[in-house]
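Hi everyone, thanks for coming. Let me put the structure up on the screen, and then we can walk through it together.

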Amino acid sequence: MKKDSKSHLLNHSQAKVRLLSEYLKRYLNIICNDGYTREVQVYDLFCGEGTYANGGEGSPLLILRQIKDMHFANPAKRRFIPPVNCYFNDLDAKKVEKVKTSIAAKSLHYPDFGSIDFSTEDYQSRLTQLLERFSSLRSHKKKAFVFVDPYEYKHISGSQIAELMASGCVEVLLWLPTQFMYRFASNGTPEALKDFILELIPDFSDQSFDDVWSFIKRIRDGFQNLLGDNFFVDTFTIQKDPSTVFCLFFFTSHILGFQKMLEAKWDIDTEQGKGWHYQEDQLSFLSQYKTNPLELELEEFIKEKPRSNVEMYRFTLNRGFLPRHTNEVLRNWQKKLRINLEPPSGAKPRKGAFYIAYEYYKDNQTKLIFSLP
Ligand SMILES: C[S@@+](CC[C@H](N)C(=O)[O-])C[C@H]1O[C@@H](n2cnc3c(N)ncnc32)[C@H](O)[C@@H]1O
């Protein structure tokens with residue numbers, strides 16, 4: 001790795017911490033307003049130095065900014081905000097000292113927000129302590145978020161992530177240098193990487209990936225298999241240059257947390273012009289109806305059998321889309337009479353209302369059945 005990527009916050013790292021920030025904003029807003037959670041713990045296990053030579057801010061400062069913003073956003077409506085306790089760790093003690101100095105210089109933390117703990121331990125030993133601590137989160141109504149941002153993959157394994165997630169109260173955001181891993185994986189694999197890959201992709205053999213994108217997809221599917229259907233796994237790829245792709249992996253057991261991560265991703269993608277494009281009446285050269293990937297997948301899904309709004313919500317998120325995207329497709333289909341909607345009560349459905357939202361999902365409320373004419 002070149003020196004400048006360690007002393008400067010480069011663009012791809014900026015994109016990484018941007019996603020962390022955007023997600024934390026949404027996560028803290030939900031958790032701190034759920035009327036249930038008594039404490040939130042945020043762990044940054046490879047926290048780095050806080051401020052970079054070019055002035056860029058790294059993960060610990062951005063985490064604290066989100067906590068501060070949440071407290072200052074609505075001072076008039078003073079309500080109970082549970083303590084958000086932060087734990088910053090990095091093997092390099094000098095970096096941790098720099099983080100402390102920056103936090104003080106930028107006034108990013110007040111004791112009312114929660115505590116801050118600094119450590120300079122090896123990731124592995126920190127992890128062992130966390131696993132013990134996490135086993136009692138649920139009974140104490142606590143939640144945790146863990147950011148894992150190593151330089152290398154050798155610290156990471158699928159089963160560690162599964163252990164971290166086991167309590168059902170933890171979310172993990174993991175950065176993996178997928179491009180370096182992929183290059184090795186397709187060209188003589190070092191032992192440490194082989195162990196990592198074989199756990200996630202048991203039928204792996206050297207040369208078994210077409211490109212870095214298929215490598216990332218296999219890793220994602222491997223995590224999903226390891227964790228099972230009660231967990232959600234998502235990826236956010238960042239392309240540094242045409243031949244270098246990095247990837248963040250996000251893990252949660254809570255579907256609303258999953259939706260919030262997807263919202264953060266879509267917001268960033270839209271800013272970069274990569275977002276959602278769905279023009280209902282767009283015609284292609286051959287004057288055929290132009291579809292987008294979600295539209296095709298929804299059609300297949302409903303073709304298989306009639307689906308409820310609850311099933312449609314989960315399906316939409318599992319495909320990496322948001323309820324508003326599915327609503328757009330459905331509105332168009334409704335206009336073109338390409339979909340049948342039936343409320344279980346037999347009442348006439350309200351036009352444009354599709355009930356694809358967490359509030360119906362969480363209570364398993366079937367309000368509509370969707371089928372193809
Ligand atoms: C990619 S940087 C972290 C960047 C930081 N998250 C940010 O946003 O600025 C990885 C960090 O891991 C630290 N590190 C390396 N090996 C470690 C280990 N075994 N345990 C904990 N930290 C380690 C390095 O000192 C380095 O600061």
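Let's start with a pair of helices: at what angle do helix H7 and helix H9 pack, and how far apart are their axes? One thing to keep in mind as we look is that this is a predicted model. The angle between H7, residues 178-185, and H9, residues 212-227, is about 100°, and the axes are 10 Å apart. Since the range from 65 to 115 degrees counts as roughly perpendicular, H7 is roughly perpendicular to H9.

If you'd like to highlight the contact, pick Thr178, Gln179, Tyr182 and Ala185 on the H7 side. Opposite them, H9 brings in Val212, Phe215 and Ile216. By class, five of the residues in this contact are nonpolar and two are polar, with no charged ones.

Now over to the sheet. It is an open one built from seven strands, with mixed pairing, and the order reads E3-E2-E1-E4-E5-E7-E6. Strand E3 (116-119) and strand E6 (232-241) each have a single partner strand, so they stand at the edges with one side left without a neighbour in the sheet. From one strand to the next, the twist averages 10°.

Within that sheet, have a look at E5, residues 170-176, and E7, residues 244-252: they run antiparallel and are joined by five bridges. One residue to click on is Leu176, whose bridge partner in E7 is Cys247. And here our helix comes back, because H7 lies across E5 and E7, at about 110° to E7, an angle that falls in the roughly perpendicular range.

Next, the ligand. Which of the 16 residues around it come nearest? Those are Phe46, Gly48, Gly58, Ser59 and Tyr123. The shell as a whole divides into seven nonpolar, four polar and five charged residues.

Last stop, backbone torsions. Most residues other than glycine have a negative phi. Two residues here go the other way. Ser107, which is not a glycine, has a positive phi of about 45°, and you'll find Ser107 in the loop between helix H4 (93-105) and E3. Ser107 has 9 C-beta neighbours inside 10 Å, so it counts as exposed.

Then there is Leu337, also not a glycine, with a positive phi of about 55°. Leu337 sits in the loop between helix H13 (323-335) and strand E9 (340-342). Is Leu337 buried or exposed? Leu337 counts as exposed, because it has 8 C-beta neighbours inside 10 Å.

That's my tour, thanks for listening!

Note on methods. Residues are numbered from 1 along each chain as its sequence is written. This is a predicted model: local features need pLDDT of at least 70, side-chain atom pairs count only at pLDDT 80 or more; totals for chains, interfaces and linings use all residues. A residue is near a molecule or strand if its C-beta atom, placed from the backbone, lies within 6 Å of it. Ala, Val, Leu, Ile, Met, Phe, Trp, Tyr, Cys and Pro count as nonpolar, Asp, Glu, Lys and Arg as charged, and the others, Gly among them, as polar. Axes are lines fitted to C-alpha atoms, for helices over the stretch in contact, and angles run from 0 to 180 degrees between N-to-C directions. Helices (H or I, at least four residues) and strands (E, at least two) are DSSP runs, numbered from the N terminus. Angles under 35 degrees count as roughly parallel, over 145 as roughly antiparallel, 65 to 115 as roughly perpendicular and the rest as oblique. Two residues are in contact if their C-beta atoms, placed from the backbone, lie within 7 Å. Two strands pair if DSSP finds at least two bridges between them. A residue is buried if 20 or more other C-beta atoms lie within 10 Å of its own, exposed if 12 or fewer, and partly exposed in between; C-beta atoms are placed from the backbone.
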